[in-house]
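Dear colleague,

I am passing on the structure we spoke about, together with some notes on what turned up in it. Please keep it open beside the text while you read.

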Amino acid sequence: MRFDKTRTDAEWRAELSPEQYRILREHGTERAFTGQYWDHHEQGEYLCAACGEALFSSAAKFDSGTGWPSFYRPLNTDAVAEKTDTSHGMVRAEALCHHCGSHLGHVFPDGPAPTGLRYCINSASLTFQKKQD
Ligand code: FE
């Protein structure tokens, strides 16, 4: 998989907070119910915390009860890349920023209509941009 926006490891370390680096670049996971956005309900867009690419709309956010921000689809079909992840004895679909390749979370097939998908995303992988009107 190739990504348009790349950085050296040293550059990522310099640009990201230690927690963001651990999650975005080392495939980490924040503890449930501890992140900034799992219970966040403002209207706007969620951007990749590493590269700023718009990834999800608040319109597709739902309360999954998991303690992580959850979306039933990305902002558009190109925003999020998926890769098979076999770590921790499970087979899961890892969600990556399509633009920079940073780790966002995982995609599960138990989401609500209309897609039936649940994009389970770390708050630390996102920044929020409030809708302007
Ligand atoms: Fe990104």
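I will begin with arginine 92, which is found in strand β6. Please bear in mind throughout that this is a predicted model. Arginine 92 counts as buried because its relative accessibility is 17%, and buried here means under 20%. If neighbours within four places in sequence are left aside, the contacts of arginine 92 are Lys83, Thr84, Asp85, Ser87, His106 and Phe108.

Arginine 92 also leads to the largest pocket, which holds about 270 Å³ of space. The residues closest to the centre of that pocket, out of the 16 that line it, are Thr29, Arg92, His103, Gly105 and His106. At least two lining residues come from each of β6 (92-97), β7 and β8 (118-121), and it is β7 that gives the most, with four residues. Sorted by class, the lining of the largest pocket consists of eight polar, five nonpolar and three charged residues.

Strand β7 comes up again with helix α2, which covers residues 18-25 and in which Gln20, Tyr21, Ile23 and Leu24 are buried. The buried residues of α2 pack against two elements, namely α1 (9-15) and β7 (103-108). Just after α2, the backbone at histidine 27 adopts a positive phi of about 60 degrees.

Turning to the interior, the largest nonpolar core has 24 residues, and those that touch the most other members are Leu55, Phe56, Ile121 and Leu126. Two or more residues are given to this core by each of α2, β1 (44-48), β2 (54-57), β6, β7, β8 and β9 (126-130). For leucine 126, the contacts that remain once neighbours within four places in sequence are left aside are Tyr37, Tyr46, Leu47, Ala49, Leu55, Phe56, Pro69, Phe71 and Ile121.

Several of these names return among the aromatic residues, since I also looked at how the rings are arranged. The structure holds seven aromatic pairs. One of them joins tyrosine 37 and phenylalanine 128 in a tilted arrangement, with 6.4 Å from centre to centre and 45 degrees between the planes. Because tyrosine 37 lies in the loop between α2 and β1 while phenylalanine 128 lies in strand β9, this pair ties together parts that are 91 residues apart in sequence. Both partners are buried, tyrosine 37 with a relative accessible area of 7% and phenylalanine 128 with a relative accessible area of 18%. Tyr37 and Phe128 also belong to one aromatic cluster, which they form with Tyr46, Phe56, Phe71 and Tyr119.

The last residue I would point out is alanine 54, which lies in strand β2. Is alanine 54 buried or partly exposed? Its relative accessible area is 22%, so alanine 54 is partly exposed, given that buried means under 20% and exposed over 50%. Not counting residues up to four places away in sequence, alanine 54 touches Glu45, Tyr46, Leu47, Leu75 and Ala79. The C-alpha atoms of alanine 54 and serine 125 are separated by 12 Å, although these two residues are 71 residues apart along the chain.

With best wishes

Notes: Residues are numbered from 1 along each chain as its sequence is written. This is a predicted model: local features need pLDDT of at least 70, side-chain atom pairs count only at pLDDT 80 or more; totals for chains, interfaces and linings use all residues. Side-chain values use heavy atoms; hydrogens and water are left out. Buried means under 20% relative accessible area, exposed over 50%, partly exposed in between (1.4 Å probe, protein chains only). Contact means heavy atoms within 4.5 Å. On a 1 Å grid over the protein atoms alone, a cavity is a set of points where a 1.4 Å probe fits but cannot get out, and a pocket is an open set with protein on both sides within 12 Å along at least five of seven lines; lining residues have an atom within 4 Å of a point. Grid points are joined across faces, edges and corners, and a volume is the space filled by probe spheres set on the points. Ala, Val, Leu, Ile, Met, Phe, Trp, Tyr, Cys and Pro count as nonpolar, Asp, Glu, Lys and Arg as charged, and the others, Gly among them, as polar. A nonpolar core is a set of buried Ala, Val, Leu, Ile, Met, Phe, Trp, Tyr and Cys residues joined through side-chain atoms within 4.5 Å. Rings of Phe, Tyr and Trp (its six-membered ring) pair if their centres lie within 6.5 Å; planes under 30 degrees apart count as stacked, over 60 as edge-to-face and the rest as tilted.
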